[in-house]
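User: I am new to this structure and would like a close look at a single part. Could you take the salt bridges and show me where they sit, along with what surrounds them?

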Amino acid sequence: MTSSSNLTPYDPPRVWVWDQASGGRFANINRPIAGPTHDKELPRGQHPLQLYSLATPNGVKVTIMLEELLALGHKGAEYDAWLIRITEGDQFSSGFVSVNPNSKIPALLDCSGPTPVRVFESGSILLYLAEKFDAFLPEDPVQRTECLSWLFWQMGSAPYLGGGFGHFYAYAPSKMEYPINRFTMETKRLLDVLDQQLAETAFLAGDDYTIADIACWPWFANICLYNQYDASDFLDVKSYSHVQRWAQAIAERPAVVRGRKVNRTSGPLEDQLHERHDTSDFDTKTQDKLTPKE
């Protein structure tokens, strides 16, 4: 790395004004205001849990959790997974905003009781499901606290990986040295935090697989196993041997294999299941389950 910067000097105005022409790859959906842009109700399926999502790292957390619960025999965890195409603004529909006022995936609607319960923010959804089904969350207070510390560590770390490193390395209109160096340094520091922890424990919170692992795995496995942002070499991910061991072990879990496919719209067709309404969907020809763009 060099100390020089290729950033064009910027003198911020006294009051910032939204320039709708800026924003890079996601300019058409980035905006400084909340609320719906159009009226559209969300679909409902037959199961108690209705998930509205996309297979980004945050979305994959929840589908993995649900598939893991089903693998344990929790029939109440059956769910319908509806595709939300965020690049087309589906998250700004009136129906979606009613479930998540922050207009971010994933969003969950629990219809198992007399009054539907909305749950938004991926970490909150994982904790809600863990408590609802008494699974993947230690009962011992010390172990529970360790698990939740790693869960919230991930929630705080994700903006540096995605909105920081991922944005400036892969999605910004041009490559700029200062932000790439800044967020590369932080991403590698986070990988080192994980690596040092996993040198001592099988999973993040100890010997058992928990929601801490389910939360962290999609973000760090995408970088370490699946070359997200085309940055594996740049980040030298192979040097984090304990993270590699942990990521590969979780990747081989059958529920994780299934969960990664749900609401996925990229990659090989056999890895895509745009909507999920029944366990048999995984056994049906993938092409028959792809939903056309409206």
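Analyst: Here is a walk through the salt bridges, followed by the helix and the sheet that lie beside them in the sequence. Please keep in mind that this is a predicted model.

How many salt bridges does the structure hold? The count is seven. A good one to begin with joins the side chains of Glu 78 and Arg 276, with 2.8 Å from N to O. Glu 78 belongs to the loop between helix 1 and strand 2, while Arg 276 belongs to the segment after helix 9 (254-261), so this pair ties together parts that are 198 residues apart in sequence.

Are the two partners buried or exposed? Buried means under 20% relative accessible area. Glu 78 has 15% relative accessibility and therefore counts as buried. Arg 276 is buried too, because its relative accessible area is 0%. This pair also has company: Glu 67, Glu 78, Arg 258 and Arg 276 are linked in a network of salt bridges.

Now for another pair, Glu 131 and Arg 144, whose closest N and O atoms are 2.9 Å apart in their salt bridge. This one links distant parts of the chain, with Glu 131 in helix 3 (residues 122-133) and Arg 144 in helix 4 (residues 141-171), 13 residues apart. Here the surroundings are more open to view in the numbers: Glu 131 is partly exposed, with a relative accessible area of 47%, and Arg 144 counts as partly exposed at 27% relative accessibility.

A further salt bridge stays inside one helix. Glu 186 and Arg 189 both lie in helix 5 (residues 177-198), where they are three residues apart, or about one turn of the helix. The closest N and O atoms of this pair are 2.8 Å apart. Glu 186 counts as buried because its relative accessibility is 13%, whereas Arg 189, at 43%, counts as partly exposed.

Let us return to the loop that holds Glu 78 and look at the elements on either side. Helix 1 covers residues 57-71, and its 15 residues reach 21 Å from the first C-alpha to the last, close to the 21 Å expected at 1.5 Å a residue. Helix 1 is mostly covered, with 13 of its 15 residues buried. After helix 1 comes Gly 73, which has a positive phi near 100°.

On the other side of the loop is strand 2, and here the sheet comes in. Four strands form an open sheet in the order 2-1-3-4, with mixed pairing. Which strands stand at the edges? They are strand 2 (79-83) and strand 4 (117-120); each has a single partner strand, so one side of each is left without a neighbour in the sheet. On average, neighbouring strands of this sheet are turned by 20° against each other, direction ignored. Strand 1 pairs with strand 3 (residues 107-110) in the antiparallel sense over four bridges, and Gln 50 stands opposite Leu 109 of strand 3.

For a contrast with the charged pairs, turn to the surface. Tyr 10, Trp 16, Trp 18 and Ile 33 make a nonpolar patch of about 510 Å² there. Trp 16, in the segment before strand 1 (49-53), counts as exposed because its relative accessibility is 55%.

Methods:
Residues are numbered from 1 along each chain as its sequence is written. This is a predicted model: local features need pLDDT of at least 70, side-chain atom pairs count only at pLDDT 80 or more; totals for chains, interfaces and linings use all residues. Side-chain values use heavy atoms; hydrogens and water are left out. Helices (H or I, at least four residues) and strands (E, at least two) are DSSP runs, numbered from the N terminus. The expected span of a helix is 1.5 Å times one less than its number of residues. Buried means under 20% relative accessible area, exposed over 50%, partly exposed in between (1.4 Å probe, protein chains only). Patches are made of residues with over 30% relative accessible area and no salt bridge: like charges are joined within 9 Å, nonpolar side chains (Val, Leu, Ile, Met, Phe, Trp, Tyr) within 5 Å. Accessible areas come from the Shrake-Rupley method with a 1.4 Å probe; for residues, only the protein chains shown count as cover. A salt bridge is a side-chain nitrogen of Lys or Arg within 4 Å of a carboxyl oxygen of Asp or Glu. Two strands pair if DSSP finds at least two bridges between them. Axes are lines fitted to C-alpha atoms, for helices over the stretch in contact, and angles run from 0 to 180 degrees between N-to-C directions.
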